[in-house]
Amino acid sequence: MTFSLRDQLSNQLRSLRRYALALARNRDDAEDLVQETLVRAISGSRTFRPNGDLRSWLFGILHNVHVNGVRREQVRARGASAIEAMTYGQLPPNQPDHVELMRTIEAFSTLPDEQRRVLTLVAVEGMSYQEAARQLDIPLGTLMSRLARGREALRVEMGHRDRGQTALRAVR
């Protein structure tokens, strides 16, 4: 792009902003439109004919950017509506799961550091026992012992009597 075309672009800013504001009806969105128009004009400057009408060319770019954005938003909205229609009423409420998760996080935070580290590496990060033991620089037996104690402490804290059995059950 030649320096003179850049000068000519800056001379068109006021007009571009007015047109963008008329299209977008929002000052921030209008500024985004103008910015995207200038980016496309600069990157596509080789397509501009030197004897062509710069203002028409820029307004065309701005119009196309706006129309594409409107279409993109319509597609997104239709997709969101379709997904909402498919899932509405089919998903159970997640409040009991959220409560259980918060209880688990609280119980997890009460564990000693060494048990929390082991549980994080093995249960959360999915490391093998050997990888976790190497990471923590402890013997494999120590890792397994800490893991067992940490899991048991969590079961006790969460109110689980035996493995897989809960003291209270949520009624749905």
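These are my notebook entries on a predicted model of a single chain.

**Entry 1: overall layout**

I began with the secondary structure. I count eight helices in the chain and zero strands. Read along the sequence, the order is α-α-α-α-α-α-α-α.

I then looked up burial for the chain as a whole. Of its 172 residues, 23% count as buried. The chain exposes about 12,700 Å², and carbon and sulfur atoms supply 52% of that area.

For contacts I took pairs of residues at least 6 apart in sequence. Of these contacts, 56% join residues at least 24 apart.

**Entry 2: the largest nonpolar core**

Which residues have the most contacts inside the largest nonpolar core? I noted Leu16, Ala20, Ala41, Leu54, Trp57, Leu58 and Leu62. The core has 16 residues in total. Helix 2, helix 3 and helix 4 (54–87) each supply at least two of them. Helix 4 gives the largest share of this core, with seven residues.

I followed Leu16 further. Setting aside residues up to four places away in sequence, I find Leu16 touching Val34, Thr37, Leu38, Leu58, Phe59 and Leu62. Apart from this core there is another, of 13 residues. Val118, Ala133, Leu143 and Met158 are among its members.

**Entry 3: Phe48**

I looked up Phe48 next, which sits in the loop between helix 3 and helix 4. Is Phe48 buried or exposed? Its relative accessible area is 13%, so I list Phe48 as buried, the limit being under 20%. I also checked its distance to Leu58, one of the core residues with the most contacts. Phe48 and Leu58 are 10 residues apart in sequence, and their C-alpha atoms are 9.7 Å apart in space.

**Entry 4: Gln115**

I placed Gln115 in helix 6, which covers residues 113–124. Gln115 has a relative accessible area of 8% and is therefore buried, as this is under 20%. What is Gln115 in contact with, once neighbours within four places in sequence are left aside? I find Arg146, Arg149, Gly150 and Ala153.

**Entry 5: two loop residues with positive phi**

I checked the backbone for positive phi at residues that are not glycine, and noted two cases.

- Arg25 is not a glycine, yet has a positive phi of about 60°. Arg25 lies in the loop between helix 2 (13–24) and helix 3 (27–43). With a relative accessible area of 74%, Arg25 is exposed.
- Asp137 is not a glycine either, and has a positive phi of about 60°. I located Asp137 in the loop between helix 7 (129–136) and helix 8 (140–158). Asp137 counts as exposed because its relative accessibility of 70% is over 50%.

**Entry 6: a nonpolar patch on the surface**

Last, I looked at the surface. Which residues form a nonpolar patch there? I noted Leu101, Met102 and Ile105, with about 260 Å² of accessible area together. Of these I looked up Ile105, which lies in helix 5 (residues 95–109). Ile105 has a relative accessible area of 44%, so I list Ile105 as partly exposed, in between the limits of 20% and 50%.

Methods:
Residues numbered from 1 in each chain as written. Predicted model: local features only at pLDDT ≥ 70, side-chain atom pairs only at ≥ 80, totals over all residues. Heavy atoms only, no water. Helix = DSSP H or I, 4+ residues; strand = E, 2+ residues; numbered from the N terminus. Buried < 20%, exposed > 50% of the residue type's maximum accessible area, 1.4 Å probe, protein only. Contact = heavy atoms within 4.5 Å. Areas by Shrake-Rupley, 256 points an atom, 1.4 Å probe, with all protein chains shown as cover. Core = buried A, V, L, I, M, F, W, Y, C linked by side-chain atoms within 4.5 Å. Patch = residues over 30% accessible without salt bridge, like charges linked within 9 Å, V, L, I, M, F, W, Y side chains within 5 Å. Salt bridge = Lys/Arg side-chain N within 4 Å of Asp/Glu carboxyl O.
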